[in-house]
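Open the model in your viewer and keep the selection box ready. We will start with the whole chain, then go residue by residue.

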Amino acid sequence: MADWVNPDALHDAEVLDGERQDGSSRGELHGMPILVKDNIGTVGRMQTTAGSYSLYGSRVREDATVVRRLKDSGAIILGKTSMSEWMNFRSSNTSSGWSPRGGQTLGAYHPMQDPEGSSSGSAVAVDLGLAVAALGTETMGSILFPSEVNNIVGLKPTVGLTSRYGVIPVSERQDTIGPMARTVRDAAWVLEAIAGRDERDNYTLASPDPPVPSYADACQLDGLQGKRIGIPRNVLASLAMESQGPEILSAFEAAIATLTKAGATIVQDANFTAWEEFAKSKSVVQVLDADFISNIQSYLSKLEANPNSIHTIQDIIKYTQSDLREDYPRRDTARWDTALAVGINNTSPEFWPMYQNNLRIGGEGGVLGALTRHKLDALILPTSLAAYIPSVVGTPVITVPLGAYPNGTETVYNKFGNLVQVAENIPFGISFMGAHWSERTLIGMAYAFEQRTLFRQKLKRYIEPHTEIAGQLEGGDDGVQT
């Protein structure tokens, strides 16, 4: 899970201990060890490679904005976490959690468990208590999915709430950086530290002013009282057809009863009217392809050191196909090959109509339309379905533990054939979705649900760590300070 340990961590801890002894504290994160995903830039002796040897030895000019803000808040950057190579934006036939540099990350709830998403190392490390929290990145599910199956809280913020400056990109229109933690409150404290405007990421300049409320203060037991929460029932139909669907849907229906008891009003059939269109739309993929071609070239041009002379997507493909450690052709480069075959980038005339189509699908046809039509505070879905529509319109989602597959569940492997995706004891979650900049409201609802259910503490891993990092943050879901 930990791909590169910070050799300066102990020195940083000593400095922060000295500040505390002198009566100074930078806040709730003072002295707290936090991990960051390997696509988030860090200066010094740690690498930033997105799991690829093509970027091994490259150097960024300065810390990513989110890393600098964590340090300013007193956090200790303990190291970098392993991840799905290139944010899972390389192959059509690879496995989540694998990269040439980090190897194969596994979840701890079942032998050979698929850790899901590209922020897989961050999720597993947090679950095992290797750090208080971790940063992940999400384009379409890479915080939510690994958080779900590793029994933790994951918060995918509004695109523009947290700066992407210094982060290896997929898409400027969909990428966002968010916290992964064992409790909602811990995630809220981390979000509070990293959120806010940054002149070097113009998407953040659209955020409300002042941009950073007290997210942790939203963690109140009455966070569901009086809230109107909608259910896109037409989306649930796709899960009902899966072999594992009934178990998740049963837990989801029980969660609805919990929400009602906590004072929420449930609105049925708050449907995503463009859900079926989303699944068939070429623009959903083509926008990512075009953004990646442009955005990765911009990132590479700003590196201080680039020893393998990687400047374009063509350079990345050439390197990947020639270095045996990259496991090509067993793991292909189909995502990049397809992106080049389309023949456009995000400045091409054809791009803008594609992007506008995405905004229509995710907006009026998705989250925003459902919220407006039914005058809702939030929408809920099983987490396995919650990442897709919000991704194309950049709206926030938070996932919290909901349960796990029961004994006797039929084992289902990933398409690559090496990891278990569905089996007894593998966790799943529930997600709260809202409008842009609604993180504080979502955190309040997620916290109230978390504290009434405490699902995280009810699950047992098949393999347990002997030690875990405990800090001064207020936990609340598993009887330890986290």
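How much area does the protein expose, and what share of it do carbon and sulfur atoms supply? The exposed area is about 17900 Å². Carbon and sulfur atoms supply 51% of that area. Keep in mind that this is a predicted model.

**Whole chain**

Show the cartoon. It holds 17 helices and 15 strands. Align the view to the principal axes: the C-alpha atoms fill a box of roughly 60 × 60 × 50 Å. The radius of gyration is 21 Å, which agrees with the value near 23 Å for a compact globule of 482 residues.

Now colour by burial. Buried residues make up 61% of the 482 residues. Turn to contacts between residues at least 6 apart in sequence: 76% of them join residues at least 24 apart.

Next, colour the charged side chains. There are 41 positive and 55 negative ones. The centres of the two sets lie 2 Å apart.

**Stop 1: alanine 50**

Select alanine 50. It sits in the loop between strand S2 (33-37) and helix H2 (65-72). Check its backbone: phi is positive, about 55°, although this residue is not a glycine. Is alanine 50 buried or exposed? It is buried, because its relative accessible area is 0%.

**Stop 2: tryptophan 189**

Go to helix H6 (residues 184-194), where tryptophan 189 has its place. Its relative accessibility is 15%, so tryptophan 189 counts as buried; the cut-off is under 20%. Now add tryptophan 4 to the selection. The two tryptophans are 185 residues apart in sequence. In space, their C-alpha atoms are 24 Å apart.

**Stop 3: threonine 312**

Move to the loop between helix H10 (283-301) and helix H11 (313-322), and pick threonine 312. Show side chains. That of threonine 312 makes a polar contact with the side chain of glutamine 314, at 3.2 Å. Which residues does threonine 312 touch beyond its neighbours within four places in sequence? It is in contact with Gln297 and Leu300.

**Stop 4: proline 329**

Continue to the loop between H11 and helix H12 (334-342), which contains proline 329. Select tyrosine 328 as well. A cis peptide bond joins tyrosine 328 and proline 329, with omega about 10°.

**Stop 5: leucine 454**

Finish in the segment after helix H17 (439-453), the place of leucine 454. Look at its backbone angle. Leucine 454 is not a glycine, yet its phi is positive, at about 50°.

Technical notes
Residues are numbered from 1 along each chain as its sequence is written. This is a predicted model: local features need pLDDT of at least 70, side-chain atom pairs count only at pLDDT 80 or more; totals for chains, interfaces and linings use all residues. Side-chain values use heavy atoms; hydrogens and water are left out. Helices (H or I, at least four residues) and strands (E, at least two) are DSSP runs, numbered from the N terminus. The radius of gyration is taken over C-alpha atoms; the globule rule is 2.2 Å times the number of residues to the power 0.38. Buried means under 20% relative accessible area, exposed over 50%, partly exposed in between (1.4 Å probe, protein chains only). Contact means heavy atoms within 4.5 Å. Accessible areas come from the Shrake-Rupley method with a 1.4 Å probe; for residues, only the protein chains shown count as cover. Lys and Arg count as positive and Asp and Glu as negative; His and the chain ends are not counted. The place of a charge is taken as NZ of Lys, CZ of Arg, CG of Asp or CD of Glu. A polar contact is a pair of N or O atoms within 3.5 Å; within protein, one must be able to donate a hydrogen and the other to accept it, and residues adjacent in sequence count only if both atoms are side-chain atoms.
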